Amino acid sequence: MTDKIGFIGLGIMGRPMALNLLKAGYELTVHARREECMQPLAEAGAKTARTCKDVAACSDIIFVMVSDTPDVEQVVLGTNGILAGAQAGSVVVDMSTISPQATRAMADALIKHKVLMLDAPVSGGEIGAINASLSIMVGGPIEGFNRVLALFKCLGKNIVHVGDHGAGQVAKACNQIVVAVTIQAVSEALLFAKKNGVDPVQVREALMGGFAGSKILEVHGKRILDGDYKPGFKVRLHQKDMSIVMETACKLGFALPASALVAQNLNALMGLGDAELDSAAIYKIVEKMST
């Protein structure tokens with residue numbers, strides 16, 4: 001294993017992902033905004049760096065896993081960012097979920113310095129990150145993908161090279177559309193059962209065995225029935241992702257009516273102070289409109 005690895009962003013997703021790279025035997029240098037976030041990695045054998053620039057200066061492949069488009073732009077292009085320290089021939093792998101347009105702009109800025117970029121957002125949540133079972137959707141040059149593939153296999157199970165720069169982010173946006181709209185559908189179905197005096201628990205069980213069965217009905221349907229909105233994926237993050245979807249649709253000039261509806265319901269949850277709940281809490285908005 002000759003490549004030295006950097007990892008920036010050690011939150012709920014980044015920390016277990018970085019730990020999985022360490023467990024696989026890679027030499028790892030990490031950075032996070034908060035010192036305490038780096039401590040578990042340091043205890044596991046990782047080196048720590050004061051800035052993103054410092055991570056890039058001692059790494060051949062640099063992973064980024066932060067919250068939003070402005071965060072990635074700051075990490076990659078900002079003062080003391082990756083670009084300030086990256087060596088020619090290195091690869092930046094952004095596993096955050098951000099704007100496809102911003103991804104392409106950053107890739108263009110990096111390639112001028114002979115640094116490749118891959119956008120590789122993930123699906124699978126914290127459990128997938130811990131179990132190294134994430135689905136990874138990759139955009140960028142195939143030579144970069146091939147170089148990083150062994151590392152991706154330490155993090156996930158379903159790894160697909162979707163296309164050129166931004167294609168991974170587009171695929172992740174598609175994922176978030178399907179998840180959000182399906183949560184909306186499951187919410188409406190369970191409310192429909194309840195309002196008709198039929199046990200929604202039994203209805204869910206019946207649906208699970210038919211064509212309507214899905215992972216969302218299984219997992220989020222259970223959360224809804226239990227009233228348990230402990231986050232697997234938080235409202236504020238799903239709202240951010242759906243904002244990217246709607247902004248992109250607006251720029252390109254096409255309609256996504258179901259996505260627009262769910263985006264508004266997520267906005268409503270944010271307004272109610274439910275940002276930290278699981279996005280299955282969409283049910284709360286559907287139910288409120290009928291009480």
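Contact here means heavy atoms within 4.5 Å. You're looking at a predicted model, where local features need pLDDT of at least 70, side-chain atom pairs count only at pLDDT 80 or more, and totals for chains, interfaces and linings use all residues. Residues are numbered from 1 along each chain as its sequence is written, and side-chain values use heavy atoms, with hydrogens and water left out.

**Exercise 1. Find Glu126 and list what it touches, leaving out residues up to four places away in sequence.**

Step 1: Look in helix H7, where Glu126 lies. Helices are DSSP runs of H or I with at least four residues, strands are runs of E with at least two, and both are numbered from the N terminus.

Step 2: Now the contacts. Glu126 touches Ile12, Met13 and Gly232.

Step 3: Check a distance too. The C-alpha atoms of Glu126 and Gly14 are 9.1 Å apart, though 112 residues separate them along the chain.

Step 4: Decide on exposure. Glu126 has 31% relative accessibility, so it counts as partly exposed. (Buried means under 20% relative accessible area, exposed over 50%, and partly exposed in between, with a 1.4 Å probe and protein chains only.)

**Exercise 2. Work out where Thr29 sits and whether it is buried or exposed.**

Step 1: Thr29 belongs to strand S2, residues 28–31.

Step 2: Its relative accessible area is 6%, so Thr29 is buried.

Step 3: Skip residues up to four places away in sequence, and Thr29 still touches Ile5, Gly6, Phe7, Lys47, Thr48, Ala49, Val55, Cys58 and Ser59.

**Exercise 3. Hunt down the aromatic pairs in the whole structure and sort them by type.**

Step 1: Get the rule straight. Rings of Phe, Tyr and Trp (its six-membered ring) pair if their centres lie within 6.5 Å; planes under 30 degrees apart are stacked, over 60 edge-to-face, and the rest tilted.

Step 2: Searching the whole structure turns up two aromatic pairs.

Step 3: Take Phe7 and Phe63. Their ring centres are 5.7 Å apart and their planes are at 15°, so this pair is stacked. Phe7 is in strand S1 (residues 5–8) and Phe63 in strand S4 (residues 61–64), so you have a link between distant parts of the chain, 56 residues apart. Phe7 and Phe63 are both buried.

Step 4: Then take Phe145 and Phe152. With 6.2 Å centre to centre and 35° between the planes, this pair is tilted. Phe145 and Phe152 are both buried as well.

**Exercise 4. Describe how helix H10 packs against helix H11.**

Step 1: Compare the axes, which are lines fitted to C-alpha atoms, for helices over the stretch in contact, with angles from 0 to 180 degrees between N-to-C directions. The axes of H10 (residues 200–208) and H11 (residues 215–226) come within 11 Å and cross at roughly 180°.

Step 2: That makes H10 roughly antiparallel to H11. (Under 35 degrees is roughly parallel, over 145 roughly antiparallel, 65 to 115 roughly perpendicular, and the rest oblique.)

Step 3: Name the residues. Pro200, Val201, Arg204, Leu207 and Met208 in H10 meet Leu217, Glu218, Gly221, Lys222 and Leu225 in H11.

Step 4: Sort them by class: six nonpolar, one polar and three charged. (Ala, Val, Leu, Ile, Met, Phe, Trp, Tyr, Cys and Pro count as nonpolar, Asp, Glu, Lys and Arg as charged, and the others, Gly among them, as polar.)

**Exercise 5. Do the same for helix H9 and H11.**

Step 1: H9 (residues 167–195) and H11 pack at about 50°, with their axes 10 Å apart. That makes H9 oblique to H11.

Step 2: H9 passes H11 in a right-handed crossing. (A crossing is left-handed if the near helix is turned anticlockwise from the far one by less than a right angle, and right-handed if clockwise.)

Step 3: On the H9 side you'll find Val179, Thr182, Ile183, Val186, Ser187 and Leu190, which meet Ile216, Leu217, His220, Gly221, Ile224 and Leu225 in H11. The class count is eight nonpolar, four polar and no charged.

**Exercise 6. Asn80 and Ala132 each have a positive phi without being glycine: where are they?**

Step 1: Asn80, with a phi of about 60°, is in the loop between helix H4 (69–77) and helix H5 (82–85). At 37% relative accessibility, Asn80 is partly exposed.

Step 2: Ala132, with a phi of about 55°, is in the loop between helix H7 (125–130) and strand S8 (134–139). Ala132 is buried, at 13% relative accessible area.
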